Amino acid sequence: MQMSDVIADMLTRIRNANDAKHATVDIPASNMKKAIADILVAEGYVKSYQTIEDGKQGVIRVTLKYTNGKQKVIRGIRRVSKPGLRVYAGYEDMPKVMNGLGIAIVSTSKGIMTDKKARTLKVGGEVLAFVW
């Protein structure tokens, strides 16, 4: 069976592993998922990730991050643009997540980046997800 929304699957796996307080979560690899994982590491929402070759498409192993006392760093993660309803925004209309406390992950013509970087580069694109 072919999956229709692989990004939503990635976000759901991270959300579920985070709620269950797992140390790591395995996600089938793709270049877009690696770019999203890069953003999550750079913004401090997850500790790290590594790509594991399995002879097929590979696996991304994301190491989740918790504060002292096992408090979750990722409070919420939500898919915005879906295959049935794409959501686009220009750089002037880029959404702010939790009044700037969270990030929006945006797919632009210059690659996948956060909403803050898209505003500074003055590029719009498809709003993929909100993380806070």
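Hi everyone, let me start with the contacts. In this protein, among contacts with a separation of 6 or more, 61% are between residues 24 or more positions apart. Please keep in mind that we are looking at a predicted model.

So, what is the chain built from? There are three helices and 10 strands in the protein. Reading from the N terminus, the order of elements is α-β-α-β-β-β-β-β-β-β-β-α-β.

Now the overall dimensions. Along the principal axes, the C-alpha atoms fill a box of roughly 40 × 40 × 25 Å. How does the radius of gyration sit with a compact globule? For 132 residues, such a globule would come out near 14 Å, and the protein has 15 Å, which agrees. Of those 132 residues, 39% are buried. The accessible surface is about 7500 Å², and 51% of that surface belongs to carbon and sulfur atoms. As for charge, the protein carries 22 positive and 12 negative charges, and the mean positions of the two sets are 5 Å apart.

Let's move to the helix H1, residues 6-19. At 1.5 Å a residue, its 14 residues should span 20 Å, and the end C-alpha atoms are indeed 20 Å apart, so expectation and model agree. Which residues of H1 are buried? They are Ile 7, Asp 9, Met 10, Leu 11, Ile 14, Ala 17 and Asn 18. It helps to recall that an α-helix has 3.6 residues a turn, so residues three or four places apart point the same way. With that in mind, have a look at Ile 7, Leu 11, Ile 14 and Asn 18, which are among the buried residues of H1.

Just after H1 comes Lys 21, and I'd like to pause on its backbone. Lys 21 is not a glycine, yet its phi is positive, at about 60°. It lies in the loop that joins H1 to strand E1, residues 24-28. Is Lys 21 buried, partly exposed or exposed? Its relative accessibility is 36%, so it counts as partly exposed.

There is another residue to mention alongside Lys 21, and that is Asn 99. Its phi is near 55°, again a positive value in a residue other than glycine. Asn 99 sits in the loop between strand E7, residues 88-89, and E8. With 77% relative accessibility, Asn 99 counts as exposed, because the cut-off for that is over 50%.

From that loop we step into strand E8, residues 103-108, where we find Val 106. Val 106 has a relative accessible area of 0%, so it is buried. What does Val 106 touch, leaving aside residues up to four places away in sequence? Its partners are Met 94, Gly 111, Ile 112, Met 113, Asp 115, Gly 125, Glu 126 and Leu 128. Gly 124 is also worth finding on the screen: it is 18 residues from Val 106 along the chain, and their C-alpha atoms are separated by 8.0 Å.

Let me finish with one of those partners of Val 106, Gly 111. Gly 111 belongs to strand E9, residues 111-114. Whereas Val 106 is buried, Gly 111 is partly exposed, with a relative accessible area of 30%. And how far is Gly 111 from Gly 125 in space? The C-alpha to C-alpha distance is 9.5 Å, for a pair 14 residues apart in sequence. Gly 125, you'll remember, is also on the list of residues that Val 106 touches.

Thanks for listening, and I'm happy to go back to any of these residues with you.

Methods: Residues numbered from 1 in each chain as written. Predicted model: local features only at pLDDT ≥ 70, side-chain atom pairs only at ≥ 80, totals over all residues. Heavy atoms only, no water. Helix = DSSP H or I, 4+ residues; strand = E, 2+ residues; numbered from the N terminus. Buried < 20%, exposed > 50% of the residue type's maximum accessible area, 1.4 Å probe, protein only. Rg over C-alpha atoms; globule rule 2.2 N^0.38 Å. Contact = heavy atoms within 4.5 Å. Areas by Shrake-Rupley, 256 points an atom, 1.4 Å probe, with all protein chains shown as cover. Lys, Arg positive; Asp, Glu negative; His and termini not counted. Charge placed at Lys NZ, Arg CZ, Asp CG, Glu CD. Expected span 1.5 Å × (residues − 1).
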